[in-house]
Amino acid sequence: MKRKIGRKSWAAILLVAGMLPVLTGCGLKVGRTEGGETREEKTENTLSEVQAAEPEKVSYTVWNAYWNLDGVEAQVEEMAENIQNISYFAAYFDKDDKVFIPEETKAFYEKTGAVYKERGWNCYLTIVNDQILENGTSSLKSTELLYRLLSDETVYQAHAEEILTLALEYGYDGLEIDYENIRKDDTLWGYFMPFIRYLYKRCNEEGLMLRVIIETQIEPEKIEWVEGPTYVVMCYNLYGGHSGPGPKADRTFLEDIMEKMSCVPGKMDYALANGGFDWSDDGSVKGITTAKAEKLLEESGAVAERDDISAARYFTYEDENGIGHEVWYADEETMQAWMFWLQSGENYAFSIWRLGE
């Protein structure tokens, strides 16, 4: 059940006087992805030799999600020195393909938006391609919805105007488009980018900023990118509900993404995810926040180790029914390591999925 990687003790990543460490001793180790293909993974032969580097100022965009706002305000304060943007997640679609903002998001924005703006932070409204269907069920990351919205110029322009009006009505500083599951659908990309071009033009006219979320399972060299928006690449779920146990990201994964996305115009923003997953011997997999993982670690009496390839923490335990579990998750040290590896490409803008306990 365990991922076949080297596991040796991880010297804590030092954050002295706000300085990121330089880690030395890079080697290679072979691992396997969910499909079984071999991939080279970089490991650290030693992490004991650390020299101080000149501190680089990083900026954060942080997401708050309407279904879990517990602890968000306190977490924002902990990260305040580096925050640049707050993304309110998320508006989505009703059965008639109309966008609406959940009441929880409205209330949280009403409570915090003006305060955050006064601190110089930009507040974005995130739009996702999730939809509530007529029978009350939900369709998540719906490409059928995107085909209806984007395949006709008149329709996509009307959609762009709808979300622009929504952002302006509530006083957001920008829009964030998180339309997922397009992946390698060349036809849908051919519809999506003209929509982004029109939306970016209209955002400029209305004084709004635009962020566009992109997934890693794409062929970026085949896409006719629009210059201007901030593109945010999702650097997580290397392992997850689709695979066996492992970290959400590791060094090789992150460096491969940097190389793959080099053709995307502008300076990329790299989205990283805290928390992780709990894999059970009965075959079930569930997501888990960092706070819940550390509470489970304490309650189970397990001992966590730190993986030398990914900097993620992992542990095993048995539940009250005697069923074995393996948990992998990212904590603060993990996130700092991921940012450090991404800084090798001179990247200093990071988005954090997500706040909440």
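Are Y88 and F108 buried or exposed? In this predicted model, Y88 is buried, and F108 is likewise buried. The two residues are treated here together with the helix that carries F108, followed by the remaining aromatic contacts and helix α7.

Helix α2 spans residues 103-118 and comprises 16 residues. The distance from its first C-alpha to its last is 23 Å, close to the 22 Å expected at 1.5 Å a residue. The helix nevertheless contains a kink of about 40°, centred on T112. T112 is itself among the buried residues of α2, which also include T105, F108, Y109, G113 and Y116. The buried residues of this helix pack against two other helices, α1 (72-79) and α4 (153-170), and against the strands β5 (59-65), β6 (83-93) and β8 (122-132). Just after α2, a positive phi of about 90° is found at G120.

Across the whole structure, a search identifies 26 aromatic pairs. In the pair formed by Y88 and F108, the ring centres are 6.0 Å apart and the planes stand at 50°, so the arrangement is tilted. Because Y88 belongs to strand β6 and F108 to helix α2, this pair ties together parts that are 20 residues apart in sequence. The rings of W225 and Y231, by comparison, have centres 5.1 Å apart and planes at 80°, and the pair is therefore edge-to-face. Both partners are buried under the cut-off of 20% relative accessible area: W225 has a relative accessibility of 12%, and Y231 one of 1%. W225 and Y231 also take part in one aromatic cluster, whose other members are F93, Y156, Y179, W189, F192, F195 and Y198. An aromatic ring also lies beneath a charged group at Y124, where the charged end of R211 sits over the ring, 5.6 Å from its centre.

Helix α7 covers residues 290-300, and its buried residues are T290, A293, L296 and L297. Viewed down the helix axis, these residues fall within an arc of 125°, so they line one face of α7. The face turned away from this buried side carries the exposed residues K292, K295, E298 and E299. On the buried side, the packing partners of α7 are the strands β14 (275-280), β15 (285-288), β17 (313-318) and β18 (324-330). Just after the helix, G301 adopts a positive phi of about 75°.

Technical notes
Residues are numbered from 1 along each chain as its sequence is written. This is a predicted model: local features need pLDDT of at least 70, side-chain atom pairs count only at pLDDT 80 or more; totals for chains, interfaces and linings use all residues. Side-chain values use heavy atoms; hydrogens and water are left out. Buried means under 20% relative accessible area, exposed over 50%, partly exposed in between (1.4 Å probe, protein chains only). Helices (H or I, at least four residues) and strands (E, at least two) are DSSP runs, numbered from the N terminus. The arc is that of the directions from the helix axis to the C-beta atoms. Contact means heavy atoms within 4.5 Å. The expected span of a helix is 1.5 Å times one less than its number of residues. The bend at a residue is the angle between axes fitted to the seven residues ending there and the seven starting there. Rings of Phe, Tyr and Trp (its six-membered ring) pair if their centres lie within 6.5 Å; planes under 30 degrees apart count as stacked, over 60 as edge-to-face and the rest as tilted. A charge sits over a ring if NZ of Lys or CZ of Arg is within 6 Å of the ring centre and within 35 degrees of the ring normal.
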